Protein chains: 2
Amino acid sequence: MKNFTMQEIISETGLTADTLRYYEKEGMISGIHRKPNGHRVYTNSDLEWLKFAICLRKTGMSVKNIKEYRKLMDEGDKTISIRKEMLKNQREKILEEIEVLKEGINRLDFKLEYYQSIESNL
Amino acid sequence: MKNFTMQEIISETGLTADTLRYYEKEGMISGIHRKPNGHRVYTNSDLEWLKFAICLRKTGMSVKNIKEYRKLMDEGDKTISIRKEMLKNQREKILEEIEVLKEGINRLDFKLEYYQSIESNL
DNA sequence: TATTGACCTAGAGCAGACTCCAACCTTTAA
DNA sequence: TTAAAGGTTGGAGTCTGCTCTAGGTCAATA
């Protein structure tokens, strides 16, 4: 199992060192090992989790919620059904958000057509 | 042309009075008339603009940007091409955001299937 | 040996978008 | 005439999610 340095995680994820440490401080990431000199050592599964967490952030889940989900993961299989609920919930929210965005596109298209018609008449 | 009170605008838009005043203070809404007692009076076109502005907010445009767009509107037809650019730009951003969300859905579905397979084996 | 580079910590600061507060003013209804 | 309803203002406070600063450690290189 490969280990990763801060730099490697930064280039793998696109996060900054500050954000990475912030996420850890907030409990969104946990159980990161250290070298004797105190530097963080990320494992493969840390990276996998991070990527998933980033995906959740991008879909609008709050840091607090992701931390909650992570905590449940750490509690083992008995929390699977709760976690499933959380993800289903998030899935619904994303679908709703997509609808809002599509509605936005429609409105913009309408406006853009209107502008088009004005410009053709100048 | 019908006029609207604060209450009516609140129920038409779903915004709070505070948010409405905040938007005005920030310049996202402008030219709102007043009754002799100082109360705001919103016109039909104020309401129309508000609804459009809210739509822009929902698709992620910042208050600052919407204010900028509004300012251009107030400057008349000569700014139409800039406004068109702004809207096209926003349209692109929304499409990108939709892609991110769809990608998120896919990941969630994958995770959910995994949980499903675990639960079937208990 | 001195400096550079990659980290570390605690804690302060910041931007954005509200949200709340205190004090005040009218108009209407009891 | 007093109270309630429906506003007004300026400014402070809150929450989220970073982002930055200052000062320090350690290992490797010039």
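This section describes the sheets, the domains of chain A and the protein surfaces beside the two DNA strands in a predicted model.

It is convenient to begin with chain A. Its domain assignment sets out domain 1, covering residues 1–74, and domain 2, covering residues 80–122. Between the C-alpha centres of these two domains of chain A the separation is 30 Å. Ten residues of domain 1 and six residues of domain 2 take part in the contact between them.

Chain A holds an open sheet of three strands, ordered β1-β3-β2, and the pairing is antiparallel. The edges are taken by β1 (3–4) and β2 (33–34) of chain A; each has a single partner strand, so one side of each is left without a neighbour in the sheet. Strand β3 of chain A spans residues 40–43 and is joined to β2(A) by two bridges, the two strands running antiparallel. Within this pairing, A:Arg34 has A:Arg40 of β3(A) as its bridge partner. Both arginines return below, in the account of DNA strand C. Helix α3 of chain A, residues 44–58, lies across β1 and β3 of chain A, and its direction is at about 80° to β3(A).

Chain B can be read in the same manner. Here too there is an open sheet of three strands, with the order β1-β3-β2 and antiparallel pairing. Its edge strands are β1 (3–4) and β2 (33–34) of chain B, each of which pairs on one side only. Two bridges connect β1(B) with β3 of chain B (residues 40–43), and these strands run antiparallel. B:Asn3 finds its bridge partner in B:Thr43 of β3(B). Against this sheet packs helix α3 of chain B (residues 44–58), which touches β1 and β3 of chain B and makes an angle of about 80° with the direction of β3(B).

Attention now turns to the DNA, starting with strand C. This strand is surrounded by 17 residues, of which the closest are A:Gln7, A:Arg21, A:Arg40, B:Asp18 and B:Tyr23. Sugar or phosphate accounts for 75% of the atoms of DNA strand C that lie within 4 Å of the protein, and bases account for the rest. Three side chains illustrate the phosphate contacts individually. In A:Arg34, a polar side-chain atom lies 3.0 Å from a phosphate oxygen of DNA strand C. For A:Arg40, the corresponding distance from a polar side-chain atom to a phosphate oxygen of this strand is 2.6 Å. From chain B, the side chain of B:Tyr23 places an N or O atom 2.8 Å from a phosphate oxygen of DNA strand C. The elements giving two or more residues to the surface near this strand are α1 (6–13) and α2 (17–25) of chain A, together with α2 (17–25) of chain B. The largest share belongs to α2(B), with four residues. Sorted by class, the surface near DNA strand C contains four nonpolar, seven polar and six charged residues.

DNA strand D has its own set of neighbours, numbering 16 residues. The closest of them are A:Asp18, A:Tyr23, B:Gln7, B:Arg21 and B:Arg40. Of the atoms of DNA strand D within 4 Å of the protein, 73% are part of sugar or phosphate, with bases making up the rest. Arginines of chain B supply polar atoms close to the phosphates here. An N or O atom in the side chain of B:Arg21 is 2.6 Å from a phosphate oxygen of DNA strand D. The side chain of B:Arg34 has such an atom 3.0 Å from a phosphate oxygen of the strand, and for B:Arg40 the distance is 2.6 Å. At least two residues of the surface near DNA strand D come from each of α2 of chain A, α1 (6–13) of chain B and α2 of chain B. Among these elements, α2(A) gives the most, with four residues. By class, the surface near DNA strand D divides into four nonpolar, six polar and six charged residues.

Notes: Residues are numbered from 1 along each chain as its sequence is written. Chains are lettered from A and ligands numbered from 1 in the order in which they are written. This is a predicted model: local features need pLDDT of at least 70, side-chain atom pairs count only at pLDDT 80 or more; totals for chains, interfaces and linings use all residues. Side-chain values use heavy atoms; hydrogens and water are left out. Two strands pair if DSSP finds at least two bridges between them. Contact means heavy atoms within 4.5 Å. Axes are lines fitted to C-alpha atoms, for helices over the stretch in contact, and angles run from 0 to 180 degrees between N-to-C directions. A residue is near a molecule or strand if one of its heavy atoms lies within 4 Å of it. A polar contact is a pair of N or O atoms within 3.5 Å; within protein, one must be able to donate a hydrogen and the other to accept it, and residues adjacent in sequence count only if both atoms are side-chain atoms. Ala, Val, Leu, Ile, Met, Phe, Trp, Tyr, Cys and Pro count as nonpolar, Asp, Glu, Lys and Arg as charged, and the others, Gly among them, as polar. Domain bounds come from an automatic or database domain assignment.
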